[in-house]
Amino acid sequence: MLAAIFLLAFGLVATQEPRPCVSPPQWEGRLFRNDWSKNFTQIAQISYDETNRRVREIEELDFSTGRDYFDVLYLHNINVEYRLNLRTRQCNTTTLSRPFIPFGVPPDARYDVEYTVGPANIPEEHITVIRFDGNITEGAYFGTVTSPDCVPVTSGFFSNRTGFIHSTFYDITTGIPDPSVFVPPRSAHGCKRGSSPITSVL
């Protein structure tokens, strides 16, 4: 009898814990990123394709600072990065050195906590978010997504090689209206590879 009661109680608690939701596999928006190890802040437009493990980031321009800005295409499906300098138009192709970390909730993520952002007593002015975390071979990650739609809000990653990188996402729209955003740059010095969107080779 005691064993049956224990199993029933365990089942009730287990069903109350939120399960990982499924984030939109493709979306576009903007990001604000801090890389404290490099004392670097980035604001960029982002196109994200989790299905084919492709990400494009175009930094918001402000050449008055004298800093270089980049249009970067990460093709994790073929382990290649294209980095176009938006000031000099020089483009470099390199092998990706960091893993693909989903900005949504990975299947093996651990639920951490659910909470409300904004005044909880005004439905139209608050949002419920879920925080999760996990570990991979290269390091540890965490993130938050909206509930119940599972849209990414923040993403964090730490490893001894990269340090701590934190990203915040906003102005998100689901889907990729123009798949050509994942075509490697051609109107530049170098990087003239491919003439059509690169899809998964897995």
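The lining of the largest pocket has 12 nonpolar, 9 polar and 11 charged residues. Here Ala, Val, Leu, Ile, Met, Phe, Trp, Tyr, Cys and Pro count as nonpolar, Asp, Glu, Lys and Arg as charged, and the others, Gly among them, as polar. The model is predicted: local features need pLDDT of at least 70, side-chain atom pairs count only at pLDDT 80 or more, and totals for chains, interfaces and linings use all residues. Residues are numbered from 1 along each chain as its sequence is written, and side-chain values use heavy atoms, with hydrogens and water left out.

The largest pocket has a volume of about 780 Å³. Of its 32 lining residues, R33, D35, Y74, R98 and I165 lie nearest its centre. A pocket is an open set of points on a 1 Å grid over the protein atoms alone, with protein on both sides within 12 Å along at least five of seven lines; a cavity is a set where a 1.4 Å probe fits but cannot get out; lining residues have an atom within 4 Å of a point. Points are joined across faces, edges and corners, and a volume is the space filled by probe spheres set on them. Strands β1, β2, β3 (54-59), β4 (70-75), β5 (80-85), β6 (91-95), β10 and β11 each supply at least two residues of this lining. Strands are DSSP runs (E, at least two residues), numbered from the N terminus.

The structure also holds 2 cavities of 30 Å³ or more. The second largest encloses about 40 Å³. Its lining includes F103, F132, Y141 and F142. Two elements, β9 (139-147) and β10 (152-159), give two or more residues to that lining. By class, the lining has 6 nonpolar, 5 polar and no charged residues.

Now the aromatic rings. Rings of Phe, Tyr and Trp (its six-membered ring) pair if their centres lie within 6.5 Å; planes under 30 degrees apart count as stacked, over 60 as edge-to-face and the rest as tilted. The count comes to 8 aromatic pairs. W27 and Y48 form a tilted pair, 5.0 Å centre to centre, with 35° between the planes. W27 lies in strand β1 (residues 26-35) and Y48 in strand β2 (residues 40-49), so the pair ties together parts 21 residues apart in sequence. Both residues, W27 and Y48, are buried (under 20% relative accessible area, 1.4 Å probe, protein chains only).

W27 also pairs edge-to-face with F169, at 5.4 Å centre to centre and 75° between the planes. F169 sits in strand β11 (residues 163-174), 142 residues from W27. W27, Y48, F100, F103 and F169 form one aromatic cluster.

Terms used: Helices (H or I, at least four residues) and strands (E, at least two) are DSSP runs, numbered from the N terminus. Buried means under 20% relative accessible area, exposed over 50%, partly exposed in between (1.4 Å probe, protein chains only).
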